[in-house]
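Please look through the sequence and the three-dimensional model shown here before reading on. The report that follows moves from the chain as a whole to a few selected sites.

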Amino acid sequence: MAAAESDREVPSALCTEFLNFSVKDTASKWLQVTDLYKEVYHHLARYVPKIYCLGPNLNPQSEDLLAQMLLQAPLEWYLCGEDPSTGLAKLEQNNQPSQLCGHVFKVGEPTYSCRECAADPTCVLCMQCFLGSVHKEHRYRMTTSGGGGFCDCGDTEAWKKGPYCQKHEPNISDSCHEDPLAHLSTDMIARCYNVFSIVLKYAVDMLTWDKEDELPPGLEPPDRSDSYYCMLFNDEVHTYEQVIYTLQKAVNCTQKEAVSFATTVDRDGRKSVRFGDFAFCELAKSVIVRNTSRQSKPLRVQVMHSSVVAHQCFALKALHWLGHVIGYSDALRRILCQVGLERGPEGENSSLVDTLMLCDSKMWKGARNVYHQLFMSSLLMDLKYKKLFAIQFAKNYRRLQTDFMEDDHERVVSVTSLSVQLFTVPTMARMLITEENLMTTIIRTFVDHLRHRDLQGRFQFERYTAQQAFKFRRVQSLIGDLKYVLISRPTEWSDQLREKFLEGLDTFLELLKCMQGMDPVVRQVGQHIEMEPEWEAAFTLQMKLTHIISMIQEWCATDERVLIEAYKKCLTALTHCHSGFADGEQPITLSMCGHSVDTIRYCVSQEKVSIHLPVSRLLAGLHVLLSKMEVAYRFPEQLPLSELSPPMLIEHPLRCLVLCAQVHAGMWRRNGFSLVNQVVHSVLWLQIYYYHNVKCRVEMFDKDLIMLQAGASMMDPNHFLMIVLSRFELYHIFSSADCRKRYNRETANKDVVQQNNTLTEEMLHLIMMVVGERFEAGIGQVEGCDEIKREILHQLCIRPMAHSELVKALPENENKETGMERVIDCVASFKKPGVTGRGLYELRPECAKQFNLYFHHYSRADQSKAEEAQRKLKRQNGEDTALPPPVLPPFCPLFASLVNILQCDVLLGMLGAVLQWAVEPSAGHWSESMLQRVLHLIGMALLEERQQLENSSEDNDFNFTLKMSRPGEAPSNTASVLALLENLQNAPHLEVHKDMIRWLLKTEAGIKTLRERSASTSTVTASGSRGQEETACDKDKAERKRKAEMARLRREKVMAQMSEMQRHFINENKELFQQSLEELDASTSTSLEHSPTSSDAALVCVGPRRSRPREKRQVVTCILCQEEQEIRADGKAMVLAAFVQRSTVMSKNRKRPPHDPKRYDPLFMHPDLSFGTHTGSCGHIMHSHCWQRYSEAVQAKEQRRQQRLRVHTSYDVGNGEFLCPLCECLSNTVIPLLPRTKGSSSCEQPGLGQWLKTSGQQIKAMHSAHRKLQPVSTVEETVEEECPAPEVFTVNYIPTNPYSSTIKEMLTTFGTATYKVGLKVHPNEQDPRIPIMCWGSCAYTIQSIERLLVDEKKPLFGSLPCRQDECLSSLARFGSACWTAACQPTVQGHFIRLVAALIPDPLVEASPCILDVDMLHLLVSVVLSYGSVHSQDSSGLSVDAVQLHLFHLITVAHMVQILLTSGPEEVTMEQESGEAERGEEEGACRLYNTLRTHVGSSLPEVGSGWHLWRCVKTGILPYLRGAALFFHHLNGVPAPPELHALCPGQWEVLCGYLSLPSNLLQLFHSQQELLEPLLHGWCTHPGVQQTLQGGGVLVSFPRESNSLIDLPDDYSALINQASSFTCPKSGGDKSRAPTLCLVCGSMLCSQSYCCQTELEGEDVGACTAHTFACGAGVGIFLRVRESQVLFLAGKTKGCFYAPPYLDDYGETDQGLRRGNPLHLCHERYRKIQKLWRQHSITEEIGHAQEANQTLVGIDWQHL
Ligand SMILES: [Zn+2]
Ligand SMILES: [Zn+2]
Ligand SMILES: [Zn+2]
Ligand SMILES: [Zn+2]
Ligand SMILES: [Zn+2]
Ligand SMILES: [Zn+2]
Ligand SMILES: [Zn+2]
């Protein structure tokens, strides 16, 4: 920018200075001087303190302007050597933009990664690049950025495919290798170099400057002022509240200022809180320090001289400027990189870039952010310098990390977080490993920071202090760095890489050695451990390292030489760990079944045991790789296989597995308890849980099992099993000579027996796993994806699962991938979700035969669920219920010998023993699951034999059938396994296992046949056994039937129990109840249809001709006492539970401010319906006295509860809220049920003219009567004649109240409640507005139901649920009776004013103009208030006649209203119409023209009667439908059947029902002379002109139903919209929780201090505040970052609701954790909209809170 252009306001002191300043002259001078550095510094010293920091209030705009003019402009001029506007443009022309996008992410911005093509999950694209890339068609992941980091578009190493988006696609003609500097002249390069080095040096000097009161040499200001700043720095220790509180005290500011200070400190890292002389600032400092030093280290505060602060401000500005200038040209960028990395005078690591990095932890947050950004736009965008920078970064790595450990800032603002940008580039990572030995450096640094060791040098986390725990969390980021370095595996190995990787591995093994055996535990007997032992830290470490360990194995798997070396190193490490093996442990000899083995004496239950064995497990992993890569067969000579000692290998893993078994057996309960999610768990149980958990098991449980397999494959199976028995502490049971007679011998402690049973079960399971788990490539002969297929299959055997559930159950690799997508379709079929629920995967039926009940990743709970599900499935398919083991793949050669375990003598001995126990069961010494496992093992052995027979032609020595038919060996001459099985087949107590035993025997027979067939020619006929089978089959069927019957009975019993717990059965009960009501109604309506009045004449609901339903008794049942009660005026009051709420659902004007409740006059509702009162009901009826007793009890209970434990309930008792005793629906009052109003028999009734006259007289009479009631003083002046009342109208007559006292009481109750809620005021039974509010609520509720029926495309009558019918009837009848509970003259006064809106009355002031009146509200109010007038009329004038006259009058007024507001003519439509409607069109024209004569030019000329009639007809329909509902419920006239359906011809039927001509215009034209004056009065009201000319809110008819806002189909569009949303209060800050109002579309800054406001004396968050303006207290929001719908009601109620966005798997993603692309589900959004339209949001919240008590505790009001 040229200086001359910007001559705006500047501080006057600078004016002269500025006017004399010439950019060009300054720059020219600089071009001449020899010591530019000194000159520029001099310039800065002079100007910077004059621009920046001149007072307490900074003025960024003018500062920036001056800095640009006086400081940056000369630099730019010098740089270009000419006017920068031309110079920079030239540079820009030659610029070759980087192929990298490099867009730096804002907090909350959406980022995209491709699951198919990204090199690792840190590779992301910005939204723009993503949309222009190939990946948007791939399987992608979407997340929101935490800030920092940049777009990787254009980085060829980041993407396996499609690295460029359309925008960043490189131009092939450009040669990328060209030196960007080639385009610049040497002069230019030199100048540029000068400027950059001076400016960067200056910025680095200032940002790293730590003196408070002086400046670096050359920068001292010429005239030094005595002005200081008290600077407050942020830390992560103190909370917002503490800072705010302290500031208020220390610098004496308001809370608002304090909040703003605190917000800035949190955002920028520092903020000056006081400006003045030194002492003044020092005082504030001491107060702050004193106030914050109590609990922790004090807040950091510095008193800094203003010139220091000024230079620091400009230093930041200078860095921004550098970033800006290099944006013009890649050449400038390269020069800046060069300058930055140039080695300084202090030698190595002294460049400016190094200096900045090394001072990182001393700088404040704002400064760090600015220079990090500069690094990203310079060093990281230039491929050559990125590499050089990476090297410097690696060289400084150790120091940077150490600084970071001491620093207390979050990692995102630390320079160490740049590692992700450098280490994830594969070539860079490998270069850093080979050249800077990065892998070793990272691991060393990590180990150095974990100092706590025990005597053996292992990590120790016991008695861990908070400080250490904090450090431990920070040190974990190093593991993240290591992961980045290893994430892409090398495709080629150089010798150097091998060397450095193995060196890294050595260091890593040192780390693992510190973990091997850490945190050992000893079983506690006797006393419980009181203190909860610290074990999480060790597990955290294990969990964090899991991926690293896996990745190291994967690296080894890519190179044979590396694998061999790694195996050797790992073995050495393990040997080293076990050097103490067998030390002090006594050797013993075990013998059994003729075999014996030497081992040691060791008991898991008595000695130290550790669950952490990473070295053993790494070796296990490498051992599998030897097999998988066939290294074991190809280079056996290079492997130290002979050094392996199988017993040593298996010892520790086996101990660990035994520990698990003992924990299951309940032997470790005394080792302490831990509370997790409100559930108490034994501490060891939790550790075992993690050991098996999907997050850890790959490098824990799985590897222990593999190690056992590896060891066992190298041992005699009998030896292996004996050692296993011994470690399980079961050896003594199975080895004894009479072990088959266990019950005789062992009658000891019941607990011990139980324990041993469990241990035996666990041991048998372990043997199955050792032999049966062959699905990992390298152990069994399987493909890579077989393993994952099998995992999924077994999950789905439990039940059908959603995508996310499956993902959770599968281990993720370091790329967060499970590999599930590749195989899922082979094993499962997908079922789409409905409006609720989610999409589910179901197992393909043909896969069920691969089900293994003893799948090693099943927990015991999973196992029993799966067993139940699979048995049920088999029963459904009419199969037997045996669940035999599946056929397994063969082992790889290295593990092949494992199958021999199945036929070894020790195992057969054990099998025989268990079977024998089962034959002669004795209490407690044997269990069914033991037998089940034995049967499974026999099944495995038989299948193994059959498979070997079928597959191999040559002789094999696996002959289990032979061994199983031999007599037992251990105690000689006992029954053979086969004999025992045959024996058991008929045992009555083993019904469940019968199918399985039969399957075993059949298989055995089959194998024998096979053997015989292959041996000779003889065949066996199976006919005999066939017959047997059949009878068994029949017996079986009968049995199954009996069981089904039993199950049915059990189910019924459970159902009965549950229905007592009503709350879970809301819906059933509701339906039941409704059904009975419907039956009741049905009986009424049929009786009516047969009554003579309705059969001949058409049904009419209003007027003298109205149909009169036969009076019948209405009997209801009280839900509380179950007594029946007739509804009678003089009877006991019956009430309906009801919920009254304010509503803006139908509002056409959300901008209207809420009314002042004290002064608001609700008599006339504006047609914009901006605030209404809605009444709803669950339809449940009680006696009023029963209800009162109930609510008193609830209140008392609630008071007790609140005193005891300060918990809230979902309902606010203090506000009169309660839950319906039957359905638990939220209610806040009750409506009394009243009998139908009796229609008087009609005699001759007056016509319109006559009636107008009579009512005019009556009104006059009332006026004068009322005036008499008023105090004399006010009527003094009005002298006028007494108006004689018509003789049949007695003004002073007080009618007898027809209602019983309880009904009267309930009339007051409901009236007061409606008034209280509707106006948000305190209850006041005397307030004259009470009846008005009740009528209003009746009208509003009718309107909202009418809208709902239209929106749902349902007929007007017959489709409402009973509860709504019931509610409307009681509302209407209540409305007509409520005047009896109020002061009669008051209600008459309302009537007079209502009528005056239509018939001018000189005595009524300020009648509204008809454009400001909602006609249905007027109709309802005037009809319902008439009762108070009619009670004094004895002339025989019927209510019906008056209702009809009023109705017709209002209908005419509404037509006028519609015509006045009808929009301009639409010419596009076909305007032809039939003869039929000619009359209507003509009438409409005539009326319209009459209106134009009254109103004049504000009404446009409309020629087409068709258009006008159409406007009238469509505009008035909602009103007519509302009127029909109203009169139907008020007068109880059944609706004509045509209105119960959506058939054509509704208009005529509706008009007929309402006693209207179907040509509505006739209403006017037939009474034109009478109506003309009224029309004139309406049109000449000043309000009409004003509104038509745009002075008011003009509502046109029909009013469209309101909808929730339109949402985009793609969720990322919303995220993007929210990420650019800034907090409206804190000037340009990103909002942390942007939240979208679904009603009006406003975006709010939720859950944040900045946007809290005060509402009714309380602080509330932006959402709650908005709710009160936009939704009268009810709000529906979308929390964009969370992808979560939020319902709010009032200040204390709220709940979260599933968002209407689903991923392709039919699931929502609340919290955006999975990151699958989300799309709008219209059905679900419509469902939310329906909840809103039918006023059910509050009810929904109530149900949610009742179901989930934790929701009650959430601080909703601050959202
Ligand atoms: Zn991009
Ligand atoms: Zn791009
Ligand atoms: Zn892709
Ligand atoms: Zn009752
Ligand atoms: Zn209810
Ligand atoms: Zn809103
Ligand atoms: Zn805000």
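## The chain as a whole

The protein chain contains 63 helices and 27 strands, and it should be kept in mind throughout that this is a predicted model. Of its 1759 residues, 57% count as buried, and the accessible surface of the chain comes to about 76500 Å², with 51% of that area belonging to carbon and sulfur atoms. When contacts with a separation of 6 or more are considered, residues 24 or more positions apart account for 76% of them.

## The nonpolar cores

The largest nonpolar core has 309 residues, and within this core Phe196, Phe389, Leu541, Phe734 and Ile938 touch the most other members. Phe734 can serve as an example: if residues up to four places away in sequence are not counted, Phe734 touches Met592, Leu725, Cys739, Thr760, Met763, Met910, Ala913, Val914 and Trp917. A second core, separate from that one, consists of 145 residues, including Val1135, Ala1396, Leu1411 and Trp1509.

## The zinc ion (ligand 1) and its neighbour

Four cysteines coordinate the zinc ion (ligand 1) through their SG atoms, namely Cys101, Cys126, Cys129 and Cys151, at 2.2 to 2.4 Å. The angles among the four donor atoms run from 97 to 124°, and the site is tetrahedral. Along the sequence, the donor residues of this ion follow the spacing C-x24-C-x2-C-x21-C.

The pair Cys101 and Cys151 links distant parts of the chain, 50 residues apart: Cys101 is in the loop between helix H5 (84-94) and strand S1 (107-114), whereas Cys151 is in the loop between strand S2 (140-146) and helix H7 (186-207). Cys101 is buried, with a relative accessible area of 19%, a value that falls under the 20% limit for that class, and Cys151 is buried with a relative accessible area of 1%. Another donor, Cys129, bridges the zinc ion (ligand 1) and the zinc ion (ligand 2), and these two ions lie 4.2 Å apart.

## The zinc ion (ligand 4)

For the zinc ion (ligand 4), the protein donors are Cys1118 (SG), Cys1121 (SG), His1183 (ND1) and Cys1186 (SG), which lie 2.1 to 2.4 Å from the ion. Because the four donor atoms subtend angles of 93 to 119° around the zinc ion (ligand 4), the arrangement is tetrahedral. The spacing of these donors along the chain is C-x2-C-x61-H-x2-C.

Here, too, a pair of donors links distant parts of the chain, with Cys1121 in the loop between strand S12 (1115-1117) and strand S13 (1124-1126), and His1183 in strand S15 (residues 1172-1183), 62 residues apart. Cys1121 is partly exposed, with a relative accessible area of 30%, while His1183 is buried, with a relative accessible area of 0%.

## The zinc ion (ligand 5)

The zinc ion (ligand 5) is coordinated at 1.9 to 2.3 Å by Cys1178 (SG), His1180 (ND1), Cys1220 (SG) and Cys1223 (SG). The angles that the four donor atoms subtend around this ion are 100 to 116°, so the arrangement is tetrahedral. In sequence, the donor residues are spaced C-x1-H-x39-C-x2-C.

His1180 is in strand S15, and Cys1220 is in the loop between strand S16 (1218-1219) and strand S17 (1226-1227), so that this pair, 40 residues apart, links distant parts of the chain. At 1% relative accessibility His1180 counts as buried, and Cys1220 likewise counts as buried at 1% relative accessibility.

## A buried arginine in helix H14

Is Arg368 buried or exposed? Arg368 has its place in helix H14 (residues 365-377), and because its relative accessibility is 0%, Arg368 counts as buried. The side chain of Arg368 reaches the backbone oxygen of Asp360 at 3.0 Å, and a polar atom of the same side chain lies 3.3 Å from the backbone oxygen of Ser361. With its neighbours within four places in sequence left aside, Arg368 is in contact with Asp360, Ser361, Met363, Asp407, His409, Val413 and Ser414.

## Helix H18

Helix H18 (residues 426-436) is largely enclosed by the rest of the structure, because eight of its 11 residues are buried. The buried residues in H18 are Pro426, Met428, Ala429, Arg430, Met431, Leu432, Ile433 and Thr434. After H18 comes Asn437, whose phi is positive, near 50°.

Methods
Residues numbered from 1 in each chain as written. Chains lettered and ligands numbered in written order. Predicted model: local features only at pLDDT ≥ 70, side-chain atom pairs only at ≥ 80, totals over all residues. Heavy atoms only, no water. Donors = N, O, S within 2.8 Å, 3.2 Å for Na, K, Ca; no water. Tetrahedral: all angles 85-135°; square planar, octahedral: opposite > 155°, others 65-115°. Helix = DSSP H or I, 4+ residues; strand = E, 2+ residues; numbered from the N terminus. Buried < 20%, exposed > 50% of the residue type's maximum accessible area, 1.4 Å probe, protein only. Contact = heavy atoms within 4.5 Å. Areas by Shrake-Rupley, 256 points an atom, 1.4 Å probe, with all protein chains shown as cover. Core = buried A, V, L, I, M, F, W, Y, C linked by side-chain atoms within 4.5 Å. Polar contact = N/O pair within 3.5 Å; in protein donor to acceptor, adjacent residues only side chain to side chain.
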